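Thanks for coming. I have one structure to go through today, so let me put it on the screen.

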Amino acid sequence: MFAKRIRFSSKTLNLLGTNMFTRLIGSKAERTTVYFSISDRVGALENILKTLGNLSISLTSIESRPSKTKGDYDFFVDFTAEPDLVKTALKEIEKKSKEVRIVSSGDDDAGVGQVPWFPRKISDLDSFAEKVLSYGAELDADHPGFKDPAYRERRQMITNQALTYRHGNPLPHVDYTENEIKTWGIVYRKLRSMYKTHACFEQQNCGYSENNIPQIEDISKFLKGRPFLFRLHWLDYSPSYGIAIQPAPFYTPEPDVCHELLGHVPLYADPDFASFSQEIGLASLGASDEDLKKLATIYWFTVEFGLCKQGSEIKAYGAGLLSSFGELEYCLSDKPKLLPFNCEVMGVQEYPITSFQPVYFVADSFKQMKDEVKEFATSLNRPFAVNYNALTQSIEVLDTKDKVLRYAAAIKGDMTRLISAIDKIVKS
Ligand SMILES: [Fe+2]
């Protein structure tokens, strides 16, 4: 029987007799992610893996999750192969599965075949969403709603909205219940009363009110101009875009709508903070597992639990702090240890996930954070650099001479405008 969520190791794949865990990087070979769905019965998966092995296809990863259809399981396999071989593989999988399709196929980027697949444009997130959302699908036993069938049903409904959303469709609307709005109001009043003294000045009023939980469409309009960034973030957390149940308004073990809207959204309205967050995202594309761990840790100590100087004072800006009365008070007391912002140190700092942080990092400003994380990203080990093209809203992989020259030409245009603007200011 299949585990609920598994990631096979190379050892397991080799045990299956398929010897699959090597990368194939050929001039015509494309990085491909294939989805297939099969019934939960002994030998079903092994059958498909053996078929791929017989075709000499080397998988680089395989993930599973329970299917929407009861008793079935969905799989995502990544491999690099030439297009004809991919077609043959699809035909073979089709014979042995209920459904099969290509989730994404690669390109001719020179270095990209050497790293795990990553999204390049907003629509890529449609296929990626199923992978991301599956990680938050299960409720932990300590969740206040664990034994509440109505809460579980509500949570599943919101998750399904995120799962079925596709780029270009109207953003889903949630009709919040009276109890949910009441919970929001309790949390909103308590937290807002603390922000004046504890929150960083970048904590802006986003037009929220205690009687109304904003819709995701309202937030999207508020953060206009940062759709890619926001969508990434939204996908990360939309499984929990619900709200704590009424008996426990001050406790939720997972990020909820209060965490997202009161903690994260106001910061993304700040251009330096939004750039900082985007730099972490760009640095993560194609990064090694070791570097990804460092970037995730930096994210933890900044976007979730960061402190920042404000004049002679220190204030909180991390969403994990801005959405927790207890930790917001604690982080500015004399109990925790405060260290200066430093990506190298932060990236390897240990931290607990179920208690208040013993260590926080204090930045001088969001601009310092943005500049230093950019510098840190250049030290990471990956075979190419990436750039986010705001015009096409896509990720450009700078791994060939032509692409670098095109990028240089675009920067040259910006530099010309910048010099002209400086020139006019100086002359005026
Ligand atoms: Fe968060």
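I'll start with the annotation. UniProt, in an unreviewed entry, places the feature "binding site" at H259, H264 and E304. Those positions are spread over 46 residues of sequence, yet they cluster in space, with a largest C-alpha distance of 9.9 Å. Keep in mind that what you are looking at is a predicted model.

Take the two histidines. Where does H259 lie? H259 lies in helix α9, which covers residues 257-268. H264 lies in helix α9 as well.

Are they buried or exposed? H259 has 23 C-beta neighbours inside 10 Å, and the cut-off for buried is 20 or more, so H259 counts as buried. H264 has 24 such neighbours, so H264 counts as buried too.

What does H259 touch, leaving out residues up to four places away in sequence? The answer is A319 and S323.

Now the strands. Strand β1 runs over residues 30-39, and 7 of its 10 residues are buried, so β1 is largely enclosed by the rest of the structure. Its pairing with strand β3, residues 72-81, is antiparallel and extends over 10 bridges. If you want a place to look on screen, find T32 in β1: its bridge partner in β3 is F79.

Further along the sequence there is a second set of pairings, and these involve strand β8, residues 359-363. Strand β5, residues 307-310, pairs with β8 in the parallel sense over 2 bridges. In that pairing, L307 stands opposite V362 of β8. Strand β7, residues 337-340, also runs parallel to β8, and the two are joined by 4 bridges. There, L338 stands opposite Y360. To put the two side by side, β8 has parallel pairings with β5 and with β7, whereas β1 and β3 are antiparallel.

Last, the chain as a whole. How many helices and strands does the protein chain have? There are 16 helices and 10 strands. Of the 428 residues in the chain, 32% are buried; H259 and H264 are among the buried ones. As for contacts, take those with a separation of 6 or more: 71% of them are between residues 24 or more positions apart.

To recap the site: the three annotated positions from UniProt are H259, H264 and E304, they cluster in space, and both histidines are in helix α9. That's what I have. I'll leave the model up for discussion.

Methods:
Residues are numbered from 1 along each chain as its sequence is written. This is a predicted model: local features need pLDDT of at least 70, side-chain atom pairs count only at pLDDT 80 or more; totals for chains, interfaces and linings use all residues. A residue is buried if 20 or more other C-beta atoms lie within 10 Å of its own, exposed if 12 or fewer, and partly exposed in between; C-beta atoms are placed from the backbone. Two strands pair if DSSP finds at least two bridges between them. UniProt positions are given in the numbering used here, feature names are shortened, and annotations may be inferred rather than shown by experiment. Two residues are in contact if their C-beta atoms, placed from the backbone, lie within 7 Å.
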